[in-house]
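Here is a friendly walk through one protein chain. Please keep the sequence and the 3D view side by side as you read.

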Amino acid sequence: MSRLQLFPTSATIQENQLTIAGHDLSALAKKYGTPLYLYDRATMDFAAHDYQAALKKYYPARASITYAGKAFLCKAIAQWTQSHGLWVDCTGEGEIAIAKAGGVPRERILVHGVNKSTADLNSALENASVIVVDNLAELERISQAESRGAVSLWLRILPGVAVDTHHAHTQTGQHDSKFGMTREETREALAFCKARGLSISGIHFHQGSNFRDPAPLKQAIEVGLDMANEIGLAGEWHFSPGGGWGVAYHEDELPQPDTNEYARVIAKHVISGCKTRGLPLPHLHLEPGRSLVARAGVAIYKVGAIKQRKNKTWALTDGGMTDNPRHAMYGAKYSALAVSNPMGEKTARVSIAGPYCESGDVIIEDLPMPKLKQDDLIAIPASGAYHLSMSSNYNGARKPAVVWLEEGSARLIIRRETLEDLLRRDL
Ligand code: LLP
C-alpha cells in the first residue's frame, strides 16, 4: 500500500492497526494525549546512513553532513546528531543554546542566519567553529568583536539560480533573494576582510528547500567555485552547496527522492569544476534538514467532529495549523491513514481541519479515506520537519508532546505545554 511508504521505515500494519517501531499508536495516544508527535529513530538512522554512504561512494576527499536544525531541534535530536557525527547548522543563539544543551561540541556547530544580531554573533564566536557570513554588515560586527576565538568564516553567496520547490516562499537562490551576497557584494566583503586581516576558508550557498531535481545545482556550483578561485582558496578549504533535498508528503510524490542521486550530482560537479580550475578538492558539506527528519515524524490527531457540507466532508481534529502551518503557508499537500483500520476501503473524500479560528486552519483537502467518525485517530506522515519548529500558541494552543520511538521503547522527549507555560512570560 503506497501511502504506508510515506511513513517511517518501521511502520507496519498489524491486525488492522498502524504501528511504528512495533508500538501500538492508540496506546501511545492514550498515554500522552493528542495531538501527539512521534519520531522514529530507525528512520533517522537510515537517512543519515544513506547520506554518509552516498558521500563515501562518490566523493574521494573529506565530506561531512550538517543537520539543519531549523527543521526541528531539541535536546534529544541534538544528541541523536552526535550518534552519527553530524555537524549542526544553528540559526542564531537560540538554536546554538539547544545544540549545546544536547551535547553538540563546538567543532560541530556551524552558524547560519540572514541578519545575525550581535548576540547571535557573540554566541557563535563563543560556541561555534564556523560562521557563515551573510552580508558585509555582519562582517563588520565580527571584526569589532573582542575575540574571534577559533571560529572560521565562510561566505554565503547568492548564486542567482533557484531550485524548483513547489512554492516561491521556499526558494532562496534566485537573483532577488534576501539571502547571501551577490558577486559584487562578495568582492566588497573580500576587500573588507583583506583590510582587516580576516581570513575566509569556505563558500556556501543554499538554493531552496524541498526540491527533487538536482540539475540547477550545477550552475550554482560553478558560481561558487568561480568565487573560491577568485578568493584563492587552497589547502583545507570548505564548500557547502546547502541542503534542501526533498521528501514525499503525499502518495502522488512517491517514490521518495533518491539521496544517492543528489550526492552523486553534487560530487560529480564539484570534482569536475575543481579540476577545470586547478582547485584542490574541498572538504564538502551537505546540509540537509528535512530529508533527515521529515519521514521519521508522524503527527497523531484525534477526530472531534465530522461535518458534512455540499461537496465536502470535514473531519475536525485537535491538531492543526499551530503545530503544522505548512498547508496554510505553502499549500503543502499531505496524506493520512486512520490508525485503526488503515486498510479500510476509501469510500469517502475527507478534508482535515484543526480547531483554530482561521478558515486556513486546514491540513489536508479532499483525501480519499475510509469513512471517519468521532474519536478516530489519524496519523499524518512526513511530519518531522518544519512542523514543531514553526509551531505557535495561536488561540492559546499548547504545543504537543513529542515521543521518541525505538523497537521496545517509547520515551517522552518533550512534554506537552501547559496553561502555566502559556502564562510564564507574562509579568
Ligand atoms: N541550509 C540552509 C542555509 C537553509 O536555509 C536551509 C533551510 C537548509 C540548509 C535545510 O533545508 P532542508 O534540507 O531542510 O530543506 N519552512 C519551509 C522550509 C524553510 C527552509 C529554510 N532553510 C518548509 O516548511 O518547507
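Which residue is the bridge partner of T313 in β16? It is V350. Before following that strand further, please keep in mind that this is a predicted model.

**The strands around β16**

The bridge between T313 and V350 belongs to a larger pairing: strand β14, covering residues 312–317, runs parallel to β16, and 4 bridges join the two. β16 also pairs with strand β17 (residues 362–369), this time in the antiparallel sense and over 5 bridges. One residue pair to look for there is I352 with its bridge partner I364 in β17. As for its surroundings, β16 spans residues 348–353, and 5 of its 6 residues are buried, so the strand is largely enclosed by the rest of the structure.

**A sheet at the start of the numbering**

Now turn to another set of strands. Here 3 strands make an open sheet with antiparallel pairing, in the order β1-β2-β3. Its edges are β1 (11–14) and β3 (23–24), each of which pairs on one side only. Strand β2, residues 17–20, pairs with β3 in the antiparallel sense through 2 bridges. If you would like a residue to centre the view on, try T19, whose bridge partner in β3 is D24.

The pairings described so far with a bridge count are set out below.

| Strand pair | Sense | Bridges |
|---|---|---|
| β2 and β3 | antiparallel | 2 bridges |
| β14 and β16 | parallel | 4 bridges |
| β16 and β17 | antiparallel | 5 bridges |

**The chain as a whole**

Stepping back, the protein chain contains 12 helices and 20 strands. Its radius of gyration is 22 Å, close to the 22 Å that the globule rule gives for 427 residues, so the chain is as compact as a globular protein of that length. Along the principal axes, the C-alpha atoms fill a box of roughly 70 × 55 × 45 Å.

What share of the 427 residues is buried? Buried residues make up 57% of them. Contacts across the sequence add to the picture: among contacts with a separation of 6 or more, 68% are between residues 24 or more positions apart.

On the outside, the protein chain exposes about 18,000 Å², and carbon and sulfur atoms supply 49% of that area. Finally, the charges: there are 47 positive and 46 negative side chains, and the centres of these two sets lie 2 Å apart.

How values were computed
Residues numbered from 1 in each chain as written. Predicted model: local features only at pLDDT ≥ 70, side-chain atom pairs only at ≥ 80, totals over all residues. Heavy atoms only, no water. Rg over C-alpha atoms; globule rule 2.2 N^0.38 Å. Buried < 20%, exposed > 50% of the residue type's maximum accessible area, 1.4 Å probe, protein only. Contact = heavy atoms within 4.5 Å. Areas by Shrake-Rupley, 256 points an atom, 1.4 Å probe, with all protein chains shown as cover. Lys, Arg positive; Asp, Glu negative; His and termini not counted. Charge placed at Lys NZ, Arg CZ, Asp CG, Glu CD. Pairing = 2+ DSSP bridges.
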